[in-house]
Amino acid sequence: MFKPITFTWWQMGLLKLSMIAFGIILGVYFREFFLPWIVIVTLVFALPAVYLLQVWWRE
């Protein structure tokens with residue numbers, strides 16, 4: 001279980017798609033829990049996304 005593994009690009013795509021779907025399911029199910037934290041959750045998404053976009057555009 002804790003050994004190194006290499007995924008192909010399409011396997012990583014499937015992993016990302018399943019993680020997005022899981023996040024949507026959690027967001028829908030625990031809507032009342034996440035609503036007061038919407039600003040913090042948005043910042044947790046937006047700040048790393050902006051940083052990674054800058055790194056990606058520089059290369």
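User: What makes the nonpolar surface patch of about 840 Å² in this structure?

Analyst: In this predicted model, the nonpolar patch is made by Tyr29, Phe30, Phe33, Phe34, Trp37, Ile40, Val41 and Val44. Helix 2 (31-34) and helix 3 (38-58) are the elements that give two or more residues to this patch, and helix 3 gives the most, with three residues.

User: Why is phenylalanine 30 called partly exposed?

Analyst: The relative accessibility of phenylalanine 30 is 37%, and a residue is called buried under 20% and exposed over 50%, with partly exposed in between. Because 37% falls between these two cut-offs, phenylalanine 30 counts as partly exposed. Phenylalanine 30 sits in the loop between helix 1 (9-29) and helix 2.

User: Why is valine 44 called exposed?

Analyst: Valine 44, which belongs to helix 3, has a relative accessible area of 59%. The word exposed applies over 50%, so valine 44, at 59%, is exposed. Its C-alpha atom is separated by 25 Å from that of glutamine 11, and the two residues are 33 residues apart along the chain.

User: Valine 55 is found in helix 3 too; is valine 55 buried, partly exposed or exposed, and how do you know?

Analyst: Valine 55 has a relative accessible area of 29%, and since partly exposed covers the values between 20% and 50%, the conclusion is that valine 55 is partly exposed. From C-alpha to C-alpha, valine 55 and phenylalanine 22 are 27 Å apart in space, while in sequence they are 33 residues apart.

User: Which residues line the largest pocket?

Analyst: The lining of the largest pocket consists of Gly23, Ile24, Leu26, Gly27, Arg31, Phe34, Leu35, Ile38 and Val41. Helix 1, helix 2 and helix 3 are the elements that give two or more residues to this lining, and the largest share, four residues, comes from helix 1. The space in the largest pocket is about 250 Å³.

User: How do you know how many residues of each class are in the lining of the largest pocket?

Analyst: Each lining residue is sorted by its type, with Gly counted as polar and Arg as charged, while Ile, Leu, Phe and Val count as nonpolar. Sorted in this way, the lining has six nonpolar, two polar and one charged residues.

How values were computed
Residues are numbered from 1 along each chain as its sequence is written. This is a predicted model: local features need pLDDT of at least 70, side-chain atom pairs count only at pLDDT 80 or more; totals for chains, interfaces and linings use all residues. Side-chain values use heavy atoms; hydrogens and water are left out. Patches are made of residues with over 30% relative accessible area and no salt bridge: like charges are joined within 9 Å, nonpolar side chains (Val, Leu, Ile, Met, Phe, Trp, Tyr) within 5 Å. Accessible areas come from the Shrake-Rupley method with a 1.4 Å probe; for residues, only the protein chains shown count as cover. A salt bridge is a side-chain nitrogen of Lys or Arg within 4 Å of a carboxyl oxygen of Asp or Glu. Buried means under 20% relative accessible area, exposed over 50%, partly exposed in between (1.4 Å probe, protein chains only). On a 1 Å grid over the protein atoms alone, a cavity is a set of points where a 1.4 Å probe fits but cannot get out, and a pocket is an open set with protein on both sides within 12 Å along at least five of seven lines; lining residues have an atom within 4 Å of a point. Grid points are joined across faces, edges and corners, and a volume is the space filled by probe spheres set on the points.
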